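The following note is addressed to a colleague who meets this structure for the first time. Please read the numbered points with the sequence and the model at hand.

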Amino acid sequence: MPPEGGFEMIKYKRNLPFRGPGGLAILGGVLAVCTYGMYRVALGNLERRELRREKTWARLHLVPLLLAESDRDTYRRQQAALARETEIMKNVEGWEPGKSVYNNPKHRPQEFVVI
């Protein structure tokens, strides 16, 4: 039979240790980290946009210089080709260096304009 005074109380209450922050604290931390990350992404986008604008303007300002260089190179090549043609055809009677060999103006090579 049961002992005098009854049996000891059964300890059924859970005794769990504290296991970290609550759900709201974790949610707040995640929200703060995501907000900071989006802020940094926005700053990076602004920086990239400014660099793209700067590169575009640099290219726009370089176009006249590049065109002038290309024109000088084209002119130099044309003069060299004319000099070669003159040297090669010097013994041919009636030959005019640089003149088109076609009688029809439709079959003319493109003429370059150097200003």
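1. At 25% relative accessibility, G20 counts as partly exposed; the class lies between buried, under 20% relative accessible area, and exposed, over 50%, with a 1.4 Å probe and protein chains only. G20 is located in the segment before α1. Its C-alpha atom is 34 Å from that of G44, and the two residues are 24 apart in sequence.

2. On the basis of the note: this is a predicted model, in which local features need pLDDT of at least 70 and side-chain atom pairs count only at pLDDT 80 or more, while totals for chains, interfaces and linings use all residues. Residues are numbered from 1 along each chain as its sequence is written, and side-chain values use heavy atoms, with hydrogens and water left out.

3. What does the secondary structure of the protein chain come to? It comes to one helix and zero strands, where helices (H or I, at least four residues) and strands (E, at least two) are DSSP runs numbered from the N terminus. The protein chain is more spread out than a compact globule, because its radius of gyration is 44 Å, well over the 13 Å that the globule rule gives for 115 residues. That radius is taken over C-alpha atoms, and the rule is 2.2 Å times the number of residues to the power 0.38. The C-alpha trace spans about 145 × 30 × 25 Å along its principal axes.

4. As to the surface, 1% of the 115 residues of the protein chain count as buried. The chain exposes about 11800 Å², of which carbon and sulfur atoms supply 61%; such areas come from the Shrake-Rupley method with a 1.4 Å probe, and for residues only the protein chains shown count as cover.

5. The protein chain has 19 positive and 13 negative charges, and their mean positions are 9 Å apart. Lys and Arg count as positive and Asp and Glu as negative, whereas His and the chain ends are not counted. Each charge is placed at NZ of Lys, CZ of Arg, CG of Asp or CD of Glu.

6. How many aromatic pairs does the rule count? The count comes to one aromatic pair. The pair is tilted, because the rings of Y36 and Y39 have their centres 6.5 Å apart and their planes at 35°. Under the rule, rings of Phe, Tyr and Trp (its six-membered ring) pair if their centres lie within 6.5 Å; planes under 30 degrees apart count as stacked, over 60 as edge-to-face and the rest as tilted. Both residues lie in helix α1 (residues 23–88), three residues apart, about one turn of the helix. Y36 counts as exposed at 52% relative accessibility, while Y39, at 48%, is partly exposed.

7. R48 also has its place in helix α1 and is partly exposed, with a relative accessible area of 49%. Its side chain is joined to that of N45 by a polar contact of 2.7 Å. Such a contact is a pair of N or O atoms within 3.5 Å; within protein, one must be able to donate a hydrogen and the other to accept it, and residues adjacent in sequence count only if both atoms are side-chain atoms. Between the C-alpha atoms of R48 and V33, 15 residues apart along the chain, the separation is 22 Å.

8. Two further residues lie outside the helix: F18 in the segment before α1 and K106 in the segment after α1. F18 is exposed, with a relative accessible area of 74%, and K106 counts as exposed at 66%. The C-alpha atoms of K106 and G94, 12 residues apart along the chain, are separated by 23 Å.
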